[in-house]
Structure formats: structure tokens, C-alpha cells
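Let's take a walk through this structure together, beginning with a helix and ending in the loops. Keep the model open beside you as you read.

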Amino acid sequence: MPDYRIIVDLSDRQLHLLDSNIVTRSFPVGIGRMVTQTPIGEFTIINKQANPGGPFGAFWMGLSKPHYGIHGTNDPSSIGHLVSQGCIRMYNEDVLALSKLVPINTRVTIRP
């Protein structure tokens with residue numbers, strides 16, 4: 001069984017999916033603006049919801065820090081930029097692919 005975890009590198013705006021500490025996939029992400037920065041630290045995925053609506057695109061994965069999550073977007077041009085209220089924003093097709101792989105309680109490390 002895979003041992004997945006996620007590392008988000010804010011400096012290069014990439015989300016990396018690791019299986020037993022080996023990067024298996026990497027995705028470009030949009031992150032929080034200067035005034036609403038993406039939180040740094042260790043979190044877990046606590047819930048998942050398909051089609052959450054609004055700006056969250058095709059999928060939402062909530063983090064153990066309330067009001068923060070990894071989600072799709074209705075604005076694909078925002079990926080790779082400092083755009084969100086602190087969430088990690090992905091292309092819809094990427095967040096759907098990721099959501100099929102990672103279960104609830106997957107560790108998420110966000111680093112500067």
C-alpha cells in the first residue's frame with residue numbers, strides 16, 4: 001500500500017506527492033498573497049469534497065488548519081501566482097488526480 005504524503009514548496013510554487021519519501025508527481029500551484037499568506041507547518045487532510053462550488057473548482061481537500069485547503073480553481077490563469085486567501089490552488093485536472101490518490105489523514109507539509 002502506498003505511503004503518501006504531500007510537500008508544498010511555497011518558494012517554487014510546487015506541490016509534490018511523495019510515496020515513501022520519493023517524489024512521484026509534482027504539480028504547479030497558486031498560493032496565498034502577501035497579506036493572506038499560506039500557513040507553514042505540518043497539517044493533515046481532514047475532509048474531501050467534489051464540486052464544492054464557487055472559486056474552489058472541481059475538488060476541495062480541507063486541511064487540519066481550519067479554513068485552509070488544497071483545491072481546484074475557476075481561474076486557471078492564477079496557478080503559479082500569489083493569488084489566494086492562503087489556500088493551495090491547483091488546476092482542476094491536477095486536484096482531481098491528486099484527490100484519487102491521497103486518503104483522508106494524508107500528511108501535508110507546507111514549507112517556505
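In this predicted model, a good place to start is helix 1, which spans residues 92–101 and has Asp94, Val95, Leu98 and Ser99 buried. Those four residues share one side of helix 1, because the arc they cover around the axis is only 130°. The spacing fits a familiar rule: an α-helix has 3.6 residues a turn, so residues three or four places apart point the same way.

What do the buried residues of helix 1 pack against? Their partners are strand 1 (4–9), strand 2, strand 3, strand 5 (41–50), strand 6 and strand 7. Now turn the helix around in your viewer. On the face directed away from the buried side of helix 1 you will find Glu93 and Lys100, both exposed.

From here, let's move to the loops. Between strand 2 (14–19) and strand 3 (22–28) runs a loop that contains Asn21. The backbone deserves a look here: Asn21 is not a glycine, yet its phi is positive, near 70°. Is Asn21 buried or exposed? Its relative accessibility is 57%, and because exposed means over 50%, Asn21 counts as exposed.

A second stop lies in the loop between strand 6 (59–63) and strand 7 (69–71), where His67 is found. His67 also has a positive phi, about 75°, although it is not a glycine. With 75% relative accessibility, His67 counts as exposed.

Methods. Residues are numbered from 1 along each chain as its sequence is written. This is a predicted model: local features need pLDDT of at least 70, side-chain atom pairs count only at pLDDT 80 or more; totals for chains, interfaces and linings use all residues. Side-chain values use heavy atoms; hydrogens and water are left out. Helices (H or I, at least four residues) and strands (E, at least two) are DSSP runs, numbered from the N terminus. Buried means under 20% relative accessible area, exposed over 50%, partly exposed in between (1.4 Å probe, protein chains only). The arc is that of the directions from the helix axis to the C-beta atoms. Contact means heavy atoms within 4.5 Å.
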